[in-house]
Amino acid sequence: MDRQLEKNQVISLEITGLTNEGNGAGHFGPNRFAVFVPDTAPGDRAQVRLVKVLKSYAYGRLEKLNRPSRDRMEPDCPVSRVCGGCSLRHISYEAECRAKNGWIEDSLRRLAGIQPNLEPFQPSPSPDHYRNKAQYPVGQDEEGSIRIGFYAKRSHRLVDGGECRLHPPVFTEIAQEVRRFLEKHRIPAYREETGEGLVRHLYLRIGQISGEIMVCLVINGRTLPHIQEFISLLKNRFPMVSSIVLNVNRNKGNVILGGECVTLWGRDTIRDTLAGVEVELSPLSFYQVNHDAAEKLYSVVKEYAGLTGTETVLDLYCGAGTIGLSLADRCKRLLGVEIIPEAIENARANAARNGIQNAAFFCGDAGQAAARLAEEGIRPDVIILDPPRKGCDEAALEAVVRMNPGKVVMVSCNPATMARDCKRLAERGYRLERVRGADLFPRTCHVEAVVLMSRI
């Protein structure tokens, strides 16, 4: 550690990198002591006040911008610096895509020892208004006024939302009407610290293709006062609303949704189409939040899989089955495995809705999948992996290797665990053939990647 550094000291710093948390990074002094500074961009020269000094690195706060980076832009959202949603709104979208591509490349080099030749990064068709789902916490201020917005970063302090640039404008309009309704009838918001109050979250979904909207109130109870007025308000004000639902969550803690849904008006679900697959969405259904970018991502998966119509495809971590079902017309047989029973029910229903007869889904983990396929004498030619952020567990990768597919196509939302899993597969007889980054969550620090690994 550079012993001259201490808390509250102001230093001159050039920002040379961007971490995958959205913090600018620079190095100070002859020992090149690492300093991380939120709201800065590579190319900035700044005065930075140190707010936390540790043994090998420090965190700072931007005090003065001496020379701005050419990638810097003024945030176009008034609450972006306090809301926990966007971490990269202070740089151009082009710079954001470069940074995210760099995170993927750095992870593969540093964590997997692989020298990747990345294919061109795939930006989102739109960096704004792309989310088809919103989950707004509902609270009250000290005067009792209803607030609907977002939690500040790393806290449960509610920031009143206004217009969020990640959501379609109609979501803001619905939130404002719901706020007025709750205030008019003095319906109390839920208070997590006491467990009292009624309304916990406002949950909205929209079908990108269908245009249908679901309005769901998450409540600490079983009914809502003035229900008929609530229904009439939404029906008359927003013709696209086709489903109004209550979700019952009486559990303490910060889990958003409970397990029970009560339809007040309209259908239980809304419809949409993703990569040619028609789906129905309940409040509990998993679905890609950036529809157009997800379709582009699925096209990369299809390209990497290189199906000819004769293959057996296994979709591990299949969720509601949309990736696998988008490939069903190009393979002989599709098998999907997921450990969450409700997701398997959704996948089976999606297959039936689309008339797909060469697909089968069953509930279990990867090890169970390997055993079952072996018993039936089935060997998949291609395995699709779409694990959660923690990546594939060891049992899943061992199962993949035992099934001995010619190709493994991995879709990852975490470059670090992706690199770790690529290294594990490389140690077991696979090599990385192709990799491409894709942006499904513009203006945030999340990035997706698709990897093709082939058996040596």
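This report walks through a barrel, a helix and some salt bridges in a predicted model.

**The barrel**

Let's start with the strands. Five of them close into a barrel in the order β1-β2-β3-β5-β4, and their pairing is mixed. From one strand to the next, the twist averages 50°.

The table lists three of the strand pairs, each with one pair of residues that stand opposite each other.

| Strand pair | Direction | Bridges | Opposite residues |
|---|---|---|---|
| β1 and β2 | antiparallel | three | Leu-18 and Gly-24 |
| β2 and β3 | antiparallel | five | Gly-26 and Val-35 |
| β3 and β5 | parallel | three | Val-35 and Ala-58 |

Val-35 turns up in two of these rows: it stands opposite Gly-26 of β2 and also opposite Ala-58 of β5. Strand β3 itself covers residues 33–37, while β5 covers residues 57–67.

Strand β2 (residues 24–28) deserves a closer look. Four of its five residues are buried, so the rest of the structure largely encloses this strand. A hairpin joins β2 to each of two partners. Five residues lie between the strands in the hairpin of β1 and β2, where Gly-22 has a positive phi near 90°. The hairpin of β2 and β3 has four residues between its strands, and Gly-29 in that turn has a positive phi of about 80°.

**Helix α1**

Next comes helix α1, which runs over residues 93–112. How far apart should the ends of its 20 residues be at 1.5 Å a residue? The expected span is 28 Å, and the end C-alpha atoms are indeed 28 Å apart, so the two values agree.

Many names appear on the list of buried residues in α1, including Tyr-93, Cys-97, Trp-103, Ile-104 and Leu-108. Charged and polar residues are there too: Glu-96, Lys-100, Asn-101 and Ser-107 are buried as well. Among the elements that cover these buried residues are strand β1 (10–18), which also belongs to the barrel, and helix α9 (415–426). Strands β6 (119–122), β21 (430–438) and β22 (448–455) contribute to the cover too. After the helix comes Gly-113, with a positive phi near 65°.

**Salt bridges**

Side chains of opposite charge can pair when their charged atoms come close. Across the whole structure, a search finds 33 salt bridges.

One of them joins Glu-212 to Arg-271, with 2.4 Å from N to O. This pair links distant parts of the chain, 59 residues apart: Glu-212 sits in the loop between β10 (199–206) and β11 (213–219), and Arg-271 sits in strand β14 (residues 270–274). Which partner is buried and which is partly exposed? Glu-212 has 10% relative accessibility, so this residue counts as buried. Arg-271 has a relative accessible area of 41% and is therefore partly exposed.

Asp-421 has two arginine partners. Its salt bridge with Arg-420 has an N to O distance of 3.1 Å, and in the one with Arg-424 the closest N and O atoms are 3.5 Å apart. Asp-421 and Arg-424 are three residues apart in helix α9, so about one helical turn separates them. With 1% relative accessibility, Asp-421 counts as buried, whereas Arg-420, at 29%, counts as partly exposed.

These bridges belong to a wider set: a network of salt bridges links Asp-421, Arg-420 and Arg-424 with Glu-394, Glu-398 and Arg-428. Helix α9, where Asp-421 and Arg-424 lie, is also part of what covers the buried residues of α1.

Notes
Residues numbered from 1 in each chain as written. Predicted model: local features only at pLDDT ≥ 70, side-chain atom pairs only at ≥ 80, totals over all residues. Heavy atoms only, no water. Helix = DSSP H or I, 4+ residues; strand = E, 2+ residues; numbered from the N terminus. Expected span 1.5 Å × (residues − 1). Buried < 20%, exposed > 50% of the residue type's maximum accessible area, 1.4 Å probe, protein only. Contact = heavy atoms within 4.5 Å. Salt bridge = Lys/Arg side-chain N within 4 Å of Asp/Glu carboxyl O. Pairing = 2+ DSSP bridges. Axes fitted to C-alpha atoms, helices over the stretch in contact; angles between N-to-C directions.
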